[in-house]
Amino acid sequence: MFRRLKICLSLLFILIKGYGQNYDETKVPIYTLPEVLKTLDGKTVSKAAEWEKKRRPEILTLFEENIYGQMPKSYDRITYKTVNDNPNAMDGKARLKEVTITVEKAKKSVAIHLILFTPNANKKSSPVFLLINNRGNENTDPSRKMKSEFWPAEMAIDSGYAIAAFHVSDAAPDNKDTYQNGVLQLYPNQVTADNGMKAIGAWAWAASRVMDYFKTDAAIDFSKVSVVGHSRGGKAALWAGAQDQRFAMVFSNCSGNTGAALARRQFGETIKRINTTFPHWFNTNYKRFNDNENALPVDQHMLISMMAPRPVYTTSATEDLWADPKGSYLSLIESQKVYALYGKKSGLTLTPPPTNTPIIHSVMGYHNREGIHNMTTYDWGNFIRFANFHYYGR
Ligand code: GTR
């Protein structure tokens, strides 16, 4: 009964939100993906060194120019202020630190509030999961009075991992009229430039400033920092991982269009749809690809490819057709060629794995969870297993 009600509700959701989007596999257009290993001057890359020197930078620039915008690197000063420090949080299992990261440029500043729990059981530094939090602040309650599957801090601590989060609104409010009131105050030219940074770029930028902080904190194993994001946060996590290779791993949960899913399939959310509803997420140039996917010089498999050779894990959910589970899996499949340059063979199966059957023992991991668009302890449990496998071979 409950199950039926859930199905009816999701169908209703699709109808309301569907905007005439396609959910029929037989109506996916025939498409040709841009070749990830072919350089702009037509040469095929066959070695990791060529990929790193030539093709990867080309692809990064194409994504900056056409989708996510530039990633400004300069600022005058960065400072870290611990505003709360509790060595006996979670009944003594963890240390809680709240740190304000302030970045200044040309007399403007932006402050990112970081919440960080580190496991007291670890005598040495700990690997960490950093969440780019796009949902309510209650999901990352430092007092732990409120607990949420979206950021199951106790679960990470019990597994020997530190867990951290910052809220996207510190970097760029998720609003078309106010997104400039954050990181972009430091870089006002980006707001008007056609290839300028917008909200998702600013969130990824902020993740990198947290990375700067981690480098200064002896409780963190700087070589084992994972960036995690759900949906719009999952798009930002992938962009952060592409821009900043200090992130050892990326977890992108239900990220869909302009995240892990191939745009050319036009299944579920499309570029036109996302640019119309969220004009403040991507740069102005991206609007040129509304109803014009095939003109894009990239597709999202090339974003995943930029993670290579680092492990990357993406997820879908069975009732989240809006985010195109199949298109997200195909992105991974297409990226295998780049991992192969590093001699990394993935454990991906030819076709998407069955529901609730995670692919863990592979440089590219994936699962399609039963259920709706969300991030749950099922997802996190697999993130931890994937990290355990890659960091500790267990
Ligand atoms: C939807 C949007 C998706 C996804 C999602 C979310 O409305 O169309 O691209 O980002 O929001 O962030 O939950």
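The paragraphs below lead through charged pairs, strand pairing and aromatic contacts in a predicted model.

Side chains of opposite charge can pair when their charged atoms come close. A search of the whole structure finds 23 salt bridges, and a few of them serve here as points of entry. In one of these, Glu25 is bridged to Lys326, with 3.5 Å between the closest N and O atoms. That contact links distant parts of the chain, since Glu25 sits in the loop between α1 (2-17) and α2 (48-68) while Lys326 belongs to helix α11 (residues 325-341), 301 residues apart. Glu25 has a relative accessible area of 34% and is therefore partly exposed, and Lys326, with a value of 35%, is likewise partly exposed.

A salt bridge with an N to O distance of 3.0 Å brings together the side chains of Lys97 and Asp217. Because Lys97 lies in strand β2 (residues 94-105) and Asp217 in the loop between α7 (199-216) and β6 (220-230), this pair ties together parts that are 120 residues apart in sequence. Both Lys97 and Asp217 are buried.

Asp174 and Arg232 also meet through their side chains in a salt bridge, at 2.8 Å from N to O. Here, too, distant parts of the chain are linked: Asp174 is found in the loop between α5 (168-171) and α6 (188-192), and Arg232 in helix α8 (residues 232-243), 58 residues apart. Asp174 is partly exposed, its relative accessible area being 28%, and Arg232 is partly exposed at 24%. Salt bridges with shared partners also join Glu25, Arg265, Asp324 and Lys326 into one network.

The loop between α5 and α6 also holds Asp177, which counts as exposed because its relative accessibility is 55%. Asp177 and His280 are 103 residues apart in sequence, and their C-alpha atoms are 8.1 Å apart in space.

Turning to the strands, β2 is joined by 12 bridges to strand β3 (residues 108-119), and the two run antiparallel. Within this pairing, Ile101 stands opposite Ile112 in β3. The hairpin of β2 and β3 has 2 residues between the strands, and Ala106 in this hairpin takes a positive phi near 45 degrees. Strand β3 is in turn joined to strand β5 (residues 162-167) by 3 bridges, again in an antiparallel arrangement, and the partner of Phe117 in β5 is Ile163.

The aromatic side chains add a further set of contacts, with a count of 24 aromatic pairs. In one of these pairs, the ring centres of Phe63 and Tyr68 are 5.9 Å apart and the ring planes stand at 25 degrees, so the pair is stacked; the cut-off that matters for this assignment is an angle under 30 degrees. Phe63 and Tyr68 are both buried. For Phe129 and Tyr161 the ring centres are 5.0 Å apart and the planes are at 35 degrees, so this pair is tilted. That pair also links distant parts of the chain, with Phe129 in strand β4 (residues 126-133) and Tyr161 in the loop between α4 (153-158) and β5, 32 residues apart. Phe129 and Tyr161 are both buried.

One aromatic cluster is formed by Phe63, Tyr68, Trp239, Phe278, Trp281, Phe282 and Tyr286. Charged side chains also meet aromatic rings: Arg209 lies over the face of Trp205, at 4.8 Å from the ring centre, and Lys224 lies over the face of Tyr391, at 5.6 Å from the ring centre.

Note on methods: Residues numbered from 1 in each chain as written. Predicted model: local features only at pLDDT ≥ 70, side-chain atom pairs only at ≥ 80, totals over all residues. Heavy atoms only, no water. Salt bridge = Lys/Arg side-chain N within 4 Å of Asp/Glu carboxyl O. Helix = DSSP H or I, 4+ residues; strand = E, 2+ residues; numbered from the N terminus. Buried < 20%, exposed > 50% of the residue type's maximum accessible area, 1.4 Å probe, protein only. Pairing = 2+ DSSP bridges. Phe/Tyr/Trp six-rings, centres within 6.5 Å; stacked < 30°, edge-to-face > 60°. Lys NZ or Arg CZ within 6 Å of the ring centre and 35° of its normal.
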